[in-house]
Every structure is written in C-alpha cells, then in structure tokens.
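Welcome! Below is a short set of exercises, each followed by a worked solution. Open the structure in your viewer and follow along at your own pace.

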Amino acid sequence: MDIPKLVQEQKHFFKSQQTKNLDFRISLLKKLLVAVQEKEQDIISALHKDFKKSEYESVMTETSIVISELKSSIKNLRSWAKPKRVFPALLNFPSSSKIYKEPYGAVLVISPWNYPYQLALVPLIGAIAAGNTVVLKPSELTPHTSKITKEIIEAVFASQLVAVVEGGVEVSTALLEERWDYIFFTGSVQVGKIIAKAAAKHLTPITLELGGKNPCIIDDTAAIALAAKRIVWGKCINAGQTCIAPDYLIIHKKVKDEFVRCFQEEVTKAYGLNPQESKDYPRIVNEKNFDRLANMLSNEKILVGGNTDKETLYIAPTLIDNPSMDSEVMKGEIFGPISPVLTYKDEAELEALILRYEKPLALYVFTKRTAFAKQIIRNFSFGGGTINDTTVHFANSRLPFGGVGESGIGNYHGKRTFDLFSHHKGMVHRYNWLDVPVRYAPYKGKVALL
Ligand code: NAD
C-alpha cells in the first residue's frame, strides 16, 4: 500500500468540492446502510471468530449501533449541515451572523480491537456525513472483523473517498507521518500520547477516546441484588474488555458480604455454574492479554471465580478481595472480567481511593441517596457515567461520549459526531445601506459611546 499516494489522491478528490454536496453525501450513506445491512451476518460471524462474541452481544453492541447511526445521519444531515443563524452583535448593525459547518478535509480514523466494528464505523460515518474523505486503520488484533469491514467499505466507496488500510504499529506509524486535517483515535492512553505528538507536528486537530480506571461505588443504601445484576452485566459483556466497564468496586463495609453473595448468584444466573460452557460469555482477545490478566490473579484472595484456561483464553468472572494498592490489578486499567473489591467506611476514604488515579472515562454510583450521587458528580472529574447502573450512558446518542484529562480529548455520538468532524465557520454579513461612523478614527470624544 502506497500511503503517501493514497493520501494525495484523497486530498485531490476533496479539492474537487464534490463532498460538499449534501445529496452526494446522503447517497453514499444510503449505499453504506444497504451494504452493512446485507453483511450483518458476516460481521457477526467475524466477531465470533475473533473472540467468541455471541450473536446477541454483537447485534446489541456493534451492528445495531452502526445501523442506527447511519439511519440518524441520513435523516438529520440536511438540518445538521444547514448554516445556523445567530443573533447579530449590535456593534455590527446592520448585519446578519451565521455559523457554517465545513468539512476539515482528509480524516484519519484509528480504531481499537475491543468493539472492532462499531468503534471503526461510527467515527467513519460521522466523518463522511460531514463531507470529509477518510482513511480507516482498524485493529490488527481482530483480523476477521477488519477484513469484512474493508470489504464493505471497498464495495461502497472509491479509495480516493474512503479507504481501509490494514496493519499494525508500522502501518499506523506510516499513516501518522502524513499531514491530516483531522485525526480521530480510539485506544489506550499510551498510544493516545503518540498520536497527540504526531498531530502536534502540523497542529492537526484530534479527538482521543482513551481509557482509565473506572470506579464503581456501592453505598450502604443501594439495592444490592439489582446492583450486583447490573454490575455483572456491565463487567461481563465483552468479557470486561470495554473501555467503560466498571474497573474496581468500592463497597461500603456494611454491604460487602451481601454484595459478594449476590454477585456470585448473578454470574450463575447469567452464565451457569461454569461460565466456560456458556455460549454467551466471550473470550480474551489474545494470549498477551490473557497472560496479563491471569497474572493479576496470582497471590490474591479470590472471592468469586478465579478459573482460567489458557488454551481457550477463558477467564471467569472474578472478584478479588481487598488487593494491595501496589498489586497488578490496582496498577492500571484492568480491561478484563476481573474486579477488585475494596471497602470504605466513610466519604473521606472513598475520596482518597478515587483520587489515587487519573480522571477516569466513566464512574458508577449505586445508591438510593440522590444527594450522595449528586455530590459524587460534583466532586470528581470523569468522562460520564450512570447512577444505579453501568455503561448504559453509552446508549443515549444525545449524551456526549468522551473522556477528560488522561481518559481523552473531545466527545462524540449522534449530532456531536457530525459537529466534531466539521469546522464551525463564523460569518458576519454586513449590509451597505447604513454605515454607522462611531468605530472609525478619529476617536476623540467617542470612548463614552462604547
Ligand atoms: P491500542 O492503543 O493498543 O491500539 C489502538 C490502535 O492504535 C490500533 O489500531 C493499533 O494498531 C494502533 N497502535 C498501537 N500501537 C501504536 C503505536 N505505537 N503507534 C501508532 N498506532 C498504534 O488499544 P487497544 O488495545 O486496541 O484498545 C484498548 C484500549 O482502548 C483500552 O485502553 C480502552 O480503554 C481503550 N478504548 C477506549 C474507548 C473509548 O471510546 N474511549 C473505546 C474502546 C477502547
């Protein structure tokens, strides 16, 4: 793949102004919708080959999200793209003011492996809707999904408009050597910093959707059985390989034992006595991540689960009792089905625990005390979250989705994705029928008029 040539061709095509035409963009999105609907079963089987993701999870967390993003973009594009009139400044009288949304140009999207279809396609759809050309670099760790994604894109778009470039770090590095008009990256904090550095060379605007250590607080008023059910769901979906999965649990001392019992019951209800036999429980993506996770279990006191099988990359839904702050599991983002259980007795302890880490992508609080939940929202900085549930804030496309501090820069979903890939150009149209003389020199005696 000749990357410099591909980028030049896309830039050349962008200059032709064709992508500025809304009918053109809508027809492309419609074609893409037909293609993704036709290939839905192939995507589901690719996800299963990559890490044994069940059909239900694949539809719920991947294909349905892409389809609904496409339908919403097709339906709303004309209104999103319409220049927005705003109230003019009095100083400019007579005039009108409008905000125009213009595409940046050549966009690079780099996506991760954990939701390999949805996290590649949703930004791509937004970038096309906004009138950009796109190069997508999907993850090399989910090759079946990357392959089918490439096939779909190549069937719909000429490469001068949208192209998929497969490969690992070397390909990513080569892509980052080019001059882009926008870079959208989803992945780890460590690689996010590499992206930011590369973008700085040309002051290229970026969005970084990263990760972090997401706290999950359960206070002594929480509905414990329901909390356990919702935490098992949010933690076990994708086998915990979710950027917004609850990472560590901070449970009020009084309700810890009850929570652990309920957690075990909910795991059994969802995946049976042996989750390894459940068709609904995914696997760890590769041996490297399996080893990293399995290592977190050694020398720890296991409260629930703890079983592993390297051959099938299986790790059971697991609770670890009160690990030391220096342990592997408390060092960085876990990104697997393991939850450390920490306890607190008062709010000072809770605060000290949460503030040990960088600002997380998500935070969850289970409580019946609304005032306590509001205090958590006010006191801590984090990307977004849910009260009395986990991960479901992702599902509302009217909410901004993104991190803060080390968990990311910028946010997207729904109309925000279109806005993110558009430069907002502020324009004043002055009229000539009146020219108020106040602002022109000489200024003597005019200060009082300001
Ligand atoms: P990763 O950072 O290892 O890889 C992401 C992408 O970057 C891949 O396409 C990869 O090929 C590329 N890449 C890897 N090393 C690179 C390098 N040195 N230079 C340039 N490109 C490089 O992340 P991952 O393991 O695929 O995904 C897991 C991480 O992503 C977790 O930290 C998770 O929290 C985060 N994540 C965030 C979100 C979000 O929306 N905020 C969503 C999913 C995952």
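## Exercise 1: Phe394 and its loop

Leaving out residues up to four places away in sequence, Phe394 touches Ile244 and Phe401, where touching, or contact, means that C-beta atoms placed from the backbone lie within 7 Å. Before going on, note that this is a predicted model, in which local features need pLDDT of at least 70, side-chain atom pairs count only at pLDDT 80 or more, and totals for chains, interfaces and linings use all residues. Residue numbers start from 1 along each chain as its sequence is written.

Task: find where Phe394 is placed, and decide whether Phe394 is buried or exposed.

Solution.
- Step 1: Look in the loop between strand 16 and strand 17 for Phe394; helices (H or I, at least four residues) and strands (E, at least two) are DSSP runs, numbered from the N terminus.
- Step 2: Count C-beta neighbours inside 10 Å: Phe394 has 20 and is therefore buried. The cut-offs are 20 or more other C-beta atoms within 10 Å for buried, 12 or fewer for exposed, and partly exposed in between, with C-beta atoms placed from the backbone.
- Step 3: Check a pair of C-alpha atoms: Phe394 and Gly384 are 8.8 Å apart in space and ten residues apart in sequence.

## Exercise 2: The annotated positions

Task: which residues does UniProt list for "active site", and which residues does each touch?

Solution.
- Step 1: Read the record. The unreviewed UniProt entry lists Glu209 and Cys243 as "active site". They span 35 residues in sequence, but no two of their C-alpha atoms are more than 9.2 Å apart, so they gather at one spot. UniProt positions follow the numbering used here, feature names are shortened, and annotations may be inferred rather than shown by experiment.
- Step 2: Take Glu209, which sits in strand 7 (residues 206–209). Glu209 is buried, with 25 other C-beta atoms within 10 Å. Not counting residues up to four places away in sequence, Glu209 touches Phe185, Thr186, Gly402, Gly403 and Gly408.
- Step 3: Take Cys243, in the loop between helix 9 and strand 9 (248–252). Cys243 is buried too, with 29 other C-beta atoms within 10 Å. Neighbours within four places in sequence aside, Cys243 is in contact with Asn114, Gly211 and Leu361.

## Exercise 3: The shell around the ligand

Task: how many residues surround the ligand, and which helix gives the largest share?

Solution.
- Step 1: Count the shell. The ligand is surrounded by 27 residues, the closest being Pro112, Ser172, Gly187, Gly211 and Cys243; a residue is near a molecule if its C-beta atom, placed from the backbone, lies within 6 Å of it.
- Step 2: Sort by element. Helix 7 (169–176) and helix 8 (189–200) are the elements that give two or more residues to the shell. Helix 7 supplies the largest share, three residues.
- Step 3: Sort by class. The shell has eleven nonpolar, twelve polar and four charged residues. Here Ala, Val, Leu, Ile, Met, Phe, Trp, Tyr, Cys and Pro count as nonpolar, Asp, Glu, Lys and Arg as charged, and the others, Gly among them, as polar.

## Exercise 4: A helix pair

Task: at what angle do the axes of helix 2 and helix 4 cross?

Solution.
- Step 1: Fit the axes. Those of helix 2 (residues 22–38) and helix 4 (residues 55–81) come within 9 Å and cross at roughly 170°. Axes are lines fitted to C-alpha atoms, for helices over the stretch in contact, and angles run from 0 to 180 degrees between N-to-C directions.
- Step 2: Classify. That angle makes helix 2 roughly antiparallel to helix 4; angles over 145 degrees count as roughly antiparallel, under 35 as roughly parallel, 65 to 115 as roughly perpendicular and the rest as oblique.
- Step 3: Sort the residues of this contact: twelve are nonpolar, two polar and four charged.

## Exercise 5: Backbone checks

Task: which peptide bond ending at Pro94 is cis, and is Gln17 buried or exposed?

Solution.
- Step 1: Read omega. The bond from Phe93 to Pro94 is cis, with omega near -5°. Pro94 lies in the loop between strand 1 (84–86) and strand 2 (95–103).
- Step 2: Repeat for Ala441 and Pro442, which are joined by a cis peptide bond with omega of about 0°. Pro442 is in the segment after strand 18 (422–430).
- Step 3: Read phi. Gln17 is not a glycine, yet has a positive phi of about 75°. Gln17 is exposed, with 9 other C-beta atoms within 10 Å.
- Step 4: Turn to Thr391, also not a glycine, with a positive phi near 65°. Thr391 is buried, with 24 other C-beta atoms within 10 Å.

Key
Contact = placed C-beta atoms within 7 Å.
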